[in-house]
Amino acid sequence: MSATTVTTNAGIQMPRLIYGTAWKKEATTQLVIKAVLNGFRGIDTACQPKHYREDLVGKALQELQTKHNIARKDLFIQTKFTSIDGQDQSKPLPYDPRVPLSAQVRQSFATSLQNLQTDFIDSLVLHGPEGTHERTMEVYHECEKFVDEGRVKQLGISNLYDINGLRKLYDSARHKPSVIQNRFHSETNFDHEIRQFCREKNIFYQSFWTLTANPDILSNSLVKQLAQERHGTSAQVFFRFLMDIGLTPLTGTTDEKHMKEDLQVLQWQSLDHESVAKLKKLIHD
């Protein structure tokens, strides 16, 4: 494990901190460029026009290549297949909803490649489980074919909060999931069991909504004290702690100052054992 990347069970280097592009709308291109120029090397998006502008991420990738000489191969791009119930049907859809599920997956993937102006995806994630395990696996098995073809390097799933669902997916998968991306907050007990399973199976847990959902942790006296000692912020301490216990957080900040602060954390020394042990109690570990 380097200061800035981890090696996933698919054998690829994944950044320890990933820039999230949800809800960025027309600002997506400029924000992705800003994030990468400040040092981010991982970008998360989705083939879901409702919350993401995957096409504008693609525009940013082109501009980074042509104007700033930052090659596509030097970036980690993660996108998602979003099923019809997660799409806004009043907007143009990335696939034909009338075709079978497996065909929707193939069409969505083709749209992603076109939007991102690339011929491969580093990480392809199911935006959520389908209504049944069988349908979830129908999507997942279709995605596995892209891995077989060398067009996707690793797979994962998002918004899966049921430990049994994750176990079943893991057992049924030929290409085991490399990541799970979930909302990280107290209402789901910080996914304690899921994260335990991830540690056992070498799956990386990507946290989103990490700061917004946890104001009580950011205002915790120990977190504030550690921030003071390190001449940093509570957010930086929380990100460092999560990385120290093996998580790979997403940050979707639109503020360049916060981008720089988030990235600085990668160069920080790990927190001491005693502080980590105390902080673990805040997330029910």
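**The second largest pocket and Ser83**

Colleague: At least two residues of the lining of the second largest pocket come from each of α2 (54-68) and α3 (101-116); what makes a residue part of a lining?

Modeller: A lining residue has an atom within 4 Å of a point of the pocket, an open set of points on a 1 Å grid over the protein atoms alone, where a 1.4 Å probe fits and protein lies on both sides within 12 Å along at least five of seven lines. α2 and α3 are helices (DSSP runs of H or I, at least four residues). The model is predicted, with local features needing pLDDT of at least 70 and side-chain atom pairs 80 or more, while lining totals use all residues. Numbering starts from 1 along each chain, and side-chain values use heavy atoms, without hydrogens and water.

Colleague: How much space lies in the second largest pocket, and which residues are closest to its centre?

Modeller: The second largest pocket holds about 300 Å³, and of its 18 lining residues Pro49, Lys50, Tyr52, Arg53 and Asp55 come closest to the centre. Its lining comprises seven nonpolar, four polar and seven charged residues.

Colleague: Why is Ser83, in the loop between β5 (76-81) and α3, called buried?

Modeller: Ser83 has a relative accessible area of 12%, and buried means under 20% with a 1.4 Å probe, so the word applies to Ser83.

Colleague: How do you know that the side chains of Ser83 and Asp85 make a polar contact?

Modeller: They are 2.8 Å apart, whereas the limit for such a pair of N or O atoms, one able to donate a hydrogen and the other to accept it, is 3.5 Å. Beyond neighbours within four places in sequence, Ser83 is in contact (heavy atoms within 4.5 Å) with Tyr95 and Glu130.

How values were computed
Points joined across faces, edges and corners; volume = space filled by probe spheres on them. Nonpolar A, V, L, I, M, F, W, Y, C, P; charged D, E, K, R; others polar. Buried < 20%, exposed > 50% of the residue type's maximum accessible area, 1.4 Å probe, protein only.
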